[in-house]
Amino acid sequence: MSPTAGTIFDKTRTPLTVWFMACWLFASQKDGISALSLKRSLEIGSYQTAWAMLHRLRSVLVRPGRERLQGDVEVDETFIGGEEPGLRGGRQKGKKVLVGVAVERSAPKGFGRCRMVPIADASAETLRAFLVDNVEPGARVITDGWASYPGATKDLYPHEPLKGASGADASKLLPGVHNVSSLAKRWLLGTHQGSVDEAHLASYLNEFVFRFNRRRSRSRGLVFYRVLELSVAHEPVRYRDLIANPKPGTARRPPPTTRGRPPSLERPPANRPWRATKAA
């Protein structure tokens, strides 16, 4: 049996040294790394390989049974996508993706953990499902005056609608969800140049939430350890599981002629004259 069986490294043709270096770059850099940057840094043979490696890592970041948000939780929705002419604004949906956002308030100030999940619409049923998955029952849910929230929180959450939170003072009354939404959009435009497909947006948001919730970690090594821990505890993820529209099976392509090699492993041997044998 292979030691990588039952992990996301199962049946990989990429050396584990490259995988571990990719995990380190993924975890240690504050804003993450794009597939193109990973391909260049590790001299990986193809962009698809680098893209699949990062998406495999993103697929393990949501730990099964993770704790839901507690205490005072701000909840709102935001659209992620480019400008679209002809929309009247508000919650009118075009090609952009509607994303539910929930952020814990910390006492006396500041914010705790967050959650961001694409949702189909802003109806009471959809928002209730989002709350049940991400907010602990009994937590106080703070929202704007959208009409769907009373039904979404009924019998499960104390609800506090804020008057005027949908207008010009929205960022002051609900600072947590607005700050997190702005940071997420800036991160997508910066690290990934905005080239995020709708089918994979949930994976990118999982990565952002993973980074945001560990923003106060003093050791990047512990974040790296957590990524490896989640990777070896996760079931294998195949390439067909990652792509949005898998095609019928085709002939297997030969592996690339060049394999990835972390530059750190190619350093010349250190000069240690004290180990040299003296001539007789």
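Here are some numbered notes on the fold, the sheet, the cysteines and the internal cavity of this predicted model.

1. Overall make-up. The protein chain has 280 residues, and 38% of them count as buried. Its secondary structure comes to ten helices and five strands. If you take contacts between residues at least 6 apart in sequence, 63% of them join residues at least 24 apart.

2. The sheet. The five strands make an open sheet with mixed pairing, and the order across it reads S3-S2-S1-S4-S5. The edges belong to S3 (111–118) and S5 (159–161); each has a single partner strand, so one side of each has no neighbour in the sheet. From one strand to the next, the twist averages 25 degrees.

3. The S2–S3 hairpin. Strand S2 (residues 97–105) runs antiparallel to S3, and six bridges join the two. You can follow the register through a couple of pairs: Ala102 sits opposite Arg115 in S3, and Arg105 has Phe111 as its bridge partner in S3. Five residues lie between the two strands of the hairpin, and in the turn Gly110 has a positive phi of about 95 degrees. That glycine is a good place to start when looking at the turn.

4. Helices on the sheet. Which strands does helix H4 touch? Helix H4 (residues 124–134) packs on the sheet with contacts to S1 (72–80), S2 and S3, and its direction makes about 135 degrees with that of S3. Helix H8 (residues 201–213) lies across S1, S2 and S3 as well, running at about 175 degrees to S3.

5. A long-range pair involving H8. Ala202 is found in helix H8. Its relative accessible area is 34%, so Ala202 counts as partly exposed. Ala202 and Met116 are 86 residues apart in sequence, but their C-alpha atoms are 8.2 Å apart in space. Met116 falls within the range of S3 (111–118), one of the strands that H8 lies across.

6. Arg211. This is another H8 residue. Is Arg211 buried or exposed? At 13% relative accessibility it counts as buried, because the cut-off for that class is under 20%. Leaving aside neighbours within four places in sequence, Arg211 is in contact with Phe26, Ala27, Gln29, Lys30, Asp31, Gly32 and Trp187. Of those partners, Phe26 and Ala27 fall within the range of helix H1 (16–28).

7. The cavity. The structure holds one cavity of 30 Å³ or more, and the largest cavity has a volume of about 40 Å³. What lines the largest cavity? The lining is made up of Phe26, Ala27, Phe210, Arg211, Arg214, Arg220 and Val223. Helices H1 (16–28), H8 and H9 (220–232) each supply at least two residues of that lining. Arg211 therefore comes up twice in these notes: it is a buried residue at 13% relative accessibility, and it is also one of the residues lining the largest cavity.

8. Cysteines. How many disulfides does a search of the whole structure find? The search finds zero. For context, a disulfide is a covalent bond between the sulfur atoms of two cysteines. As for individual cysteines, Cys23 is buried at 0% relative accessible area, and Cys114 is likewise buried, with a relative accessible area of 0%. Cys23 falls within the range of H1 (16–28), while Cys114 falls within that of the edge strand S3 (111–118).

Notes. Residues are numbered from 1 along each chain as its sequence is written. This is a predicted model: local features need pLDDT of at least 70, side-chain atom pairs count only at pLDDT 80 or more; totals for chains, interfaces and linings use all residues. Side-chain values use heavy atoms; hydrogens and water are left out. Two strands pair if DSSP finds at least two bridges between them. Helices (H or I, at least four residues) and strands (E, at least two) are DSSP runs, numbered from the N terminus. Axes are lines fitted to C-alpha atoms, for helices over the stretch in contact, and angles run from 0 to 180 degrees between N-to-C directions. Contact means heavy atoms within 4.5 Å. A disulfide is a pair of cysteine sulfur atoms within 2.5 Å. Buried means under 20% relative accessible area, exposed over 50%, partly exposed in between (1.4 Å probe, protein chains only). On a 1 Å grid over the protein atoms alone, a cavity is a set of points where a 1.4 Å probe fits but cannot get out, and a pocket is an open set with protein on both sides within 12 Å along at least five of seven lines; lining residues have an atom within 4 Å of a point. Grid points are joined across faces, edges and corners, and a volume is the space filled by probe spheres set on the points.
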